[in-house]
Amino acid sequence: MDRRGIRVIAHCTGDGASDLFLDAVAMARAKNRPDGVRHQCAHSTTLLDANLPRFAALNVTAEFSPVGWFPSSFANARAVFGEDRMQRAYNFKGVFEHGGVAVMGTDWPVSSINPGSASRPWSPGRTRSARSRAVSTARPSAWSRPCA
């Protein structure tokens, strides 16, 4: 796909998945050309520190999904990451510091298509009860819909 100029967007929630994806892109760049199409590491929830400079070096976008920050059934799954990984979660700053490109996206259609819905409940000036109402009404559960 890289050779044909087709962008790959890989679902990489954990550090192992992003490590494997970056390895695959590195192999494609070595075989094809180093300035090929910009691929995307979707979600980038946890990244290994050693991989942060690879995003810029390989011309790969690190996409972060705010739905992981939103108190939802999906966000609760983050508890299984453990304390070490949670310290490395959503490392926008690390990607930027190494010259990489980081963007925010949604996980639509299993979450709201509006990336602001994840941060709105935590906006300055909102009371705790307003945050609680926003959390409970922002979107229907992603897990209640059948997969297509």
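# A tour of the predicted model

The accessible surface of the protein is about 8,600 Å², and 59% of that belongs to carbon and sulfur atoms. The model is a predicted one. Show the whole chain as a cartoon to begin: the protein has six helices and four strands, and from the N terminus on these elements run β-α-β-α-β-α-α-α-β-α. Of the 148 residues, 39% count as buried. Among contacts with a separation of 6 or more, residues 24 or more positions apart account for 65%.

**Strand E3**

Select residues 60-64, which form strand E3; five of its five residues are buried. In a regular strand the side chains alternate between the two faces of the sheet. Here Val60, Ala62 and Phe64 lie on one side and Thr61 and Glu63 on the other, and all of them are buried, so both faces of E3 are covered.

**The strands paired with E3**

Add residues 39-43, strand E2, which pairs with E3 in the parallel sense over three bridges. The chain passes from E2 through helix H2 (residues 52-58) to E3, a right-handed β-α-β crossover. To find the register, pick histidine 39, which stands opposite valine 60 in E3.

Next select residues 101-104, strand E4. E4 and E3 also pair in the parallel sense, over four bridges. In this pairing threonine 61 stands opposite valine 101.

**The nonpolar core**

Show side chains for Phe21, Cys41, Leu47, Phe55, Val60, Phe64 and Val95. Of the 18 residues in the largest nonpolar core, these touch the most other members. Strand E1 (9-12), H1, H2, E3 and helix H5 (92-97) are the elements that give two or more residues to this core. In soluble globular proteins, nonpolar side chains tend to be buried together.

Which residues does cysteine 41 touch, leaving aside those up to four places away in sequence? Its contacts are Ala10, Cys12, Ser18, Phe21, Phe55, Val60, Thr61, Ala62 and Glu63.

**The loop between E2 and H2**

Move to asparagine 51, in the loop between E2 and H2. Is asparagine 51 buried or exposed? Asparagine 51 counts as buried because its relative accessible area is 3%, below the 20% cut-off. Beyond residues up to four places away in sequence, asparagine 51 touches Asp19 and Leu22. A polar contact of 3.1 Å joins its side chain to that of aspartate 19.

Serine 44 is in this loop too, between E2 and H2. With a relative accessible area of 0%, serine 44 is buried. Check its backbone: phi is positive, about 45 degrees, although serine 44 is not a glycine. Most residues other than glycine have a negative phi.

**Tyrosine 90**

Another positive phi is found at tyrosine 90, near 55 degrees, again in a residue other than glycine. Look for tyrosine 90 in the loop between helix H4 (83-86) and H5. Tyrosine 90 has 14% relative accessibility and therefore counts as buried.

**Arginine 33**

Finish at arginine 33, in the loop between helix H1 (15-31) and E2. Why does arginine 33 count as partly exposed? The reason is its relative accessibility of 48%, as partly exposed covers values between 20% and 50%. Select aspartate 35 as well: its side chain and that of arginine 33 are joined by a polar contact of 3.0 Å. Then add arginine 3, which is 30 residues from arginine 33 in sequence but 7.8 Å away in space, C-alpha to C-alpha.

Definitions and conventions. Residues numbered from 1 in each chain as written. Predicted model: local features only at pLDDT ≥ 70, side-chain atom pairs only at ≥ 80, totals over all residues. Heavy atoms only, no water. Buried < 20%, exposed > 50% of the residue type's maximum accessible area, 1.4 Å probe, protein only. Pairing = 2+ DSSP bridges. Right-handed = clockwise from strand over helix to strand, strands pointing away. Contact = heavy atoms within 4.5 Å. Areas by Shrake-Rupley, 256 points an atom, 1.4 Å probe, with all protein chains shown as cover. Polar contact = N/O pair within 3.5 Å; in protein donor to acceptor, adjacent residues only side chain to side chain. Core = buried A, V, L, I, M, F, W, Y, C linked by side-chain atoms within 4.5 Å.
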